[in-house]
Amino acid sequence: MKKFISTILCALLLCGVFAGCGADPQSGTVAQVYAPDGAPAISMAKLIADEYAGAEFHVVPPENIGAAVLTGKADIAIMPTNAAASLHAKDKDIVMVGVTNFGSLYVVGKGEEVTSLQELTGKVVYSIGQGKVPDLVFRILLQAAEIPYEFSSAAKEGVVSLAYVSEGAEFVSGLTAGKMQYGVISEPAATVAQNKVQGAKRMLDIQKLYADATGSENGFPQAALITRKSFVNENAAYISDFMNAFRAGMKWAETEPSAALEAIQKAGSTTVPMLTEQIAKGCNLGFLSAGLAREQLLDFYTRLNEVKEEGETPVGDSMPDLDFFVSDL
C-alpha cells in the first residue's frame with residue numbers, strides 16, 4: 001500500500017512539473033530553449049520569468065545560435081529566418097514554427113538629419129557585418145529605390161557607400177568619436193545610441209521602408225521560432241502549448257521592461273544594458289505561424305538572394321522546401 005501511494009505521489013509531482021505545457025510526464029521531456037541576445041531574447045522574457053514548465057532557457061551570443069541548433073543542443077530556438085532556412089538545407093529535421101519578429105532595424109545618425117533614403121547618397125552608412133540581414137535588407141531598399149551603392153568606407157558623390165562594423169556597440173563608439181555618422185542598427189542598440197551620444201537620432205524606420213517598397217503589411221520576417229520535426233512528432237502537445245504561451249507573453253516586456261530585463265539577464269543576456277517600453281516596442285515583436293507566413297518568407301528569401309554578392313549565401317544554395325514550414329500543431 002505504501003509503495004502504491006508513493007508511486008501515485010511521484011506521478012502527481014511529475015504532472016505538476018509539466019502542468020499546462022503539454023509535455024508527457026512519463027517521457028521526462030525537458031526542452032532546451034535557446035535565443036540570441038537582443039530582441040529575440042526580449043520576446044522570450046515572459047516565459048523565462050515564469051520558469052515555464054519543462055523548459056531550460058539559454059540566452060547566447062547571436063553567433064552561437066546556429067551551432068546550438070545544428071548540433072541538437074537546442075530543442076526550440078529563435079534565430080534569423082534566413083539562417084533557419086540555411087540550416088534546414090543541411091538538416092531536414094530542422095523546421096520553422098513561426099515568425100517572431102518583423103524587423104527591429106533603424107538608421108541612426110548624428111549631424112545632418114536625413115528623412116529619406118535618397119538623402120543618404122554621398123554618405124557612408126555602416127551595417128553590422130557584410131552579407132548579414134541588416135546589410136542585405138538595406139541593399140534591398142536601395143535597389144528598390146534605384147539608388148546606387150558601393151562597398152567603401154569613403155564617401156562618394158552620387159552613391160551610398162556601405163561599410164561595416166562587427167556589432168552595434170562598435171558603431172555607437174564610432175558615432176561617439178565622430179568617426180561614423182550613419183548606421184543601420186537594431187534595437188536595443190538604436191536606443192542606447194540615442195541615449196549615449198549627444199545629438200544622435202533615429203532617422204529612418206527600416207521596417208516601414210521595407211513595407212512601402214515590397215507591399216508587406218508588417219515589416220520583414222527577421223526572426224523565427226524553430227524546432228525539430230522529430231521533437232514535434234514526439235512532443236506535439238508540448239510544442240503547441242509552448243507556442244501559445246510564447247505568443248501570449250511575447251509583448252510582456254512592453255509593460256514590464258524592468259522585470260523582462262532581469263529575466264533575460266538571468267538566462268545569460270549580456271548585451272542589453274537597458275530595457276524600456278520604447279525599446280520593447282521598437283523590437284517589432286509579433287507572431288505569425290510558419291504556414292501563414294510562408295509566402296512572405298519565400299518572397300523575403302528571394303529578395304535576399306537578389307542582392308547578395310559573390311560568396312554570400314543568405315539562404316543557402318536553394319530555397320527551403322514546403323516541409324520546412326510547420327503548418328499545423
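Reader: Which residue of β12 stands opposite Val 99?

Author: Strands (runs of E, at least two residues) and helices (runs of H or I, at least four) come from DSSP and are numbered from the N terminus. β4 and β12 pair in the antiparallel sense over three bridges, where pairing requires that DSSP finds at least two bridges between two strands. Opposite Val 99, in β12, stands Leu 288.

Reader: What pLDDT do local features need in this model?

Author: Residues are numbered from 1 along each chain as its sequence is written, and side-chain values use heavy atoms, with hydrogens and water left out. The model is predicted: totals for chains, interfaces and linings use all residues, side-chain atom pairs count only at pLDDT 80 or more, and local features need a pLDDT of at least 70.

Reader: Which strands stand at the edges of the sheet?

Author: Six strands form an open sheet with mixed pairing, in the order β2-β1-β3-β11-β4-β12. An edge strand has a single partner strand, so one side is left without a neighbour in the sheet; this holds for β2 (55–60) and β12 (285–289).

Reader: By what angle are neighbouring strands of this sheet turned against each other on average?

Author: Axes are lines fitted to C-alpha atoms, for helices over the stretch in contact, and angles run from 0 to 180 degrees between N-to-C directions. With direction ignored, the average turn between neighbouring strands of this sheet is 30°.

Reader: Which residue of β3 is the bridge partner of Tyr 34?

Author: β1 (residues 31–36) and β3 (residues 76–80) run parallel and are joined by two bridges. In β3, the partner of Tyr 34 is Ala 77.

Reader: At about what angle does α15 run to β12?

Author: Two helices can be followed across the strands, with contact meaning heavy atoms within 4.5 Å. Helix α11 (residues 236–249) lies across β1, β2, β3, β4, β11 and β12, at about 55° to β3. Helix α15 (residues 290–307) lies across β4 and β12, and its angle to β12 is about 105°.

Reader: How many residues of β12 are buried?

Author: A residue is buried under 20% relative accessible area, exposed over 50% and partly exposed in between (1.4 Å probe, protein chains only). By that rule β12 is mostly covered, and its five residues include a buried group of four.

Reader: Which elements give two or more residues to the lining of the largest cavity?

Author: On a 1 Å grid over the protein atoms alone, a cavity is a set of points where a 1.4 Å probe fits but cannot get out, and a pocket is an open set with protein on both sides within 12 Å along at least five of seven lines; lining residues have an atom within 4 Å of a point. Grid points are joined across faces, edges and corners, and a volume is the space filled by probe spheres set on the points. The largest cavity, of about 30 Å³, is lined by Val 33, Tyr 34, Ala 35, Met 44, Ile 48, Phe 57, His 58 and Val 59. The elements that give two or more of these residues are β1 and β2.

Reader: Which element gives the largest share of the lining of the largest pocket?

Author: The largest pocket has a volume of about 1,600 Å³. Of its 49 lining residues, Pro 62, Glu 63, Pro 80, Ile 128 and Lys 132 are the closest to its centre. Elements that each supply at least two lining residues include α2, α4, β3 and α6. The largest share, five residues, comes from α5.

Reader: How many residues of α5 are buried?

Author: α5 runs over residues 81–90. The elements covering its buried residues include α4, β3, β4, α6, β11 and α15. Thr 81, Asn 82, Ala 84, Ala 85, Ser 86, Leu 87 and His 88 are buried. Of the ten residues of α5, the buried number is seven.

Reader: What is omega for the cis peptide bond between Glu 187 and Pro 188?

Author: Most residues other than glycine have a negative phi, and most peptide bonds are trans. Pro 188 is found in the loop between β9 (182–186) and α8. The bond that joins Glu 187 to Pro 188 is cis, with omega about 5°.

Reader: Is Glu 51 buried or exposed?

Author: Glu 51 lies in the loop between α3 (45–49) and β2. Its phi is positive, near 50°, although Glu 51 is a residue other than glycine. At 56% relative accessibility, Glu 51 counts as exposed.

Reader: What is the relative accessible area of Asn 284?

Author: Asn 284, in the loop between α14 (277–282) and β12, is not a glycine but has a positive phi of about 55°. Asn 284 is partly exposed, with a relative accessible area of 26%.
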